[in-house]
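Student: I would like a close look at one part of this model, taken slowly and with the terms explained.

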Amino acid sequence: MASITLMAHYASGERRYPLDAGCWLIGSHEDCDVLLGDPTVSRRHARLEFADAEWSLEDLGSSNGVQINGEALTGRRRVQPGDRLQFGSLICSLIETDPTDLELAVPAESRGGRSDRPSASIEQRGPTISSDRISRFYFETLPALVRRCTRQRPGEAVVTVVAALADSLGGSWTLSLDGAVQATSGPATPEQDREQAHEEHDWRLARRARQALNDRTYRQIAETILPLIERTNASRSSGRTPDSDTTVPPFPEPVTRHAALLNLYRQAARVATSVLNVLIEGSSGTGKELFARYLHRCGSDGQPLVTLNCASLPQDLLDAELFGIERGVATGVDARPGKFEQADGGVIFLDEIGDMHLATQAKLLRVLQEQEVYRVGGSRPRPARIQVVSATNRDLEAMVAQGEFRLDLYHRIADWTVRLPDLEERAVDIANLAAYFLRRACGDIGQRFGGISQAALDCLLAHRWPGNVRELEREMKRCALFLEPGEALRSDHLDARIRQARGTGGPVEGLKALLIRTEKRAIEQALQLCGGDVAAAADRLGIGKSTLYRQIRNLDIDTA
């Protein structure tokens, strides 16, 4: 076995050092491969080596010695998983390691493309540009860049995009947007000096960009981007924006790669400027409030966004919160506006609307019909011209059939119905979400993000995620607390219920269901990378176009 893990049992907790084939120096000095933080460990205490298909341990003349299973070590001796090792007073164990826990599925890359290597190193893959990173550049980075270029001169715009391209895809060269511009000799007015300096500056920047494009890794991608910059500057000259969709705010981070969800976010920009009421359906933890807030940002021009959880209050308090209350309704009660008054001219977000009492539903229907509201105990109408965005994790149509939800109110709040997929349905996002949440959690506690191992990612993909994105976020926050600075997330850091899902497909899922889920994920990724072109996606997958169309129908894949 060429891969093992040395587990050190400190008083404050356990620390794991995953090791692969090779020679590992163990000690307390910072130059050691395995750095043990214990005062009884010598600077260079021992050497652990894999050779001739076995692991062996050698004492390097340490002050406090080495023990294997309670026996003092002299010279070199064979060791194996299950052995109990002791370096000075520090007790350690050798445990079997999954080789995929030594392979990084998500590298420890910073925003600038550098990487933070874990102390007990996990080798990273070679420098390649994956189609996934190219896709992320187009969907996440490029739209904002095009908007940014409307405020720049042409030469600066070119350099901005090419530099961002290299930054996103891991370029080996860098560009600088500054640099002195030498004034030419001879008499000139200040205006001429500035104009000449700008022309010279543009020329130098453009020249740097063109030189950078000699790197063939980026040339083909950049050639598709530069026409966008030309369109941007032409549109700016005519006083128009390049495209209507470049004025919408960026999608929430991390940007989804799930085709259907991505399409919903694109449609939100159109609905936000309308008077349509929106109903967001989805399980708990799927991001319903996040979608509602994005919808508000798309249409916001200073209008308020007021939120209320309808399940958090009993009926009488909910009525007062929604509609407001007049002074004197009860002893010691002062007049105060309700959520509808506060949201006048803007958006009100009613979370868990399925938990609203029937009597309150009737009052809500009146507000939506009349665009005005009466406070509790009041007789004067007050304006409530609002767009209503509602959310629920319940089946409102079934509730209507059972008489638990008003049909007329349902039609009022559901001009546009959005169903957010469960995390299990958007498995294509799990790696990106996990890395985003773990990186943020590490940053919150001052840790360096060390990446995610392939074994850990396999466990995350196999888990059913009943709590959806919220459950994943909480798991990453918990894991961050037990990681050393720069240490990669491994499968043994994960909660036991998540680890157990790997290899079993979960408690219910069989092999057939697992294969279907994997096939669906592969098709969605291919369609995403090919911009929805079914023929190109079929070529990428190595199957016929008609076969792909059939599988898209069978697996209910959204190609919009």
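Student: At what angle do helix α7 (residues 315-323) and helix α9 (residues 358-370) pack, and how far apart are their axes?

Tutor: This is a predicted model, in which local features need pLDDT of at least 70 and side-chain atom pairs count only at pLDDT 80 or more, while totals for chains, interfaces and linings use all residues. Residues are numbered from 1 along each chain as its sequence is written, and side-chain values use heavy atoms, without hydrogens and water.

Helices α7 and α9 (DSSP runs of H or I, at least four residues, with strands being E runs of at least two, numbered from the N terminus) pack at an angle of about 10°, and their axes are 10 Å apart; axes are lines fitted to C-alpha atoms, for helices over the stretch in contact, with angles from 0 to 180 degrees between N-to-C directions. The two helices are therefore roughly parallel (under 35 degrees; over 145 is roughly antiparallel, 65 to 115 roughly perpendicular and the rest oblique). Their crossing is right-handed, meaning that the near helix is turned clockwise from the far one by less than a right angle, anticlockwise being left-handed. In the loop that runs between β15 (347-351) and α9 lies glutamate 352, which has a positive phi of about 55° although it is not a glycine.

A second pair, α5 and α6, packs at about 45° with axes 8 Å apart, and these helices are therefore oblique to each other, again with a right-handed crossing. In the loop between α4 (216-237) and α5 sits proline 254, whose peptide bond from glutamate 253 is cis, with omega near -10°.

Helices α5 (259-272) and α6 (288-299), together with α12 (430-444) and α14 (468-480), each supply at least two residues to the lining of the second largest pocket, and α6 gives the most, with five. That lining comprises 28 residues, with Thr286, Gly287, Lys288, Leu290 and Val469 nearest the centre of the pocket (on a 1 Å grid over the protein atoms alone, a pocket is an open set of points where a 1.4 Å probe fits, with protein on both sides within 12 Å along at least five of seven lines, and lining residues have an atom within 4 Å of a point).
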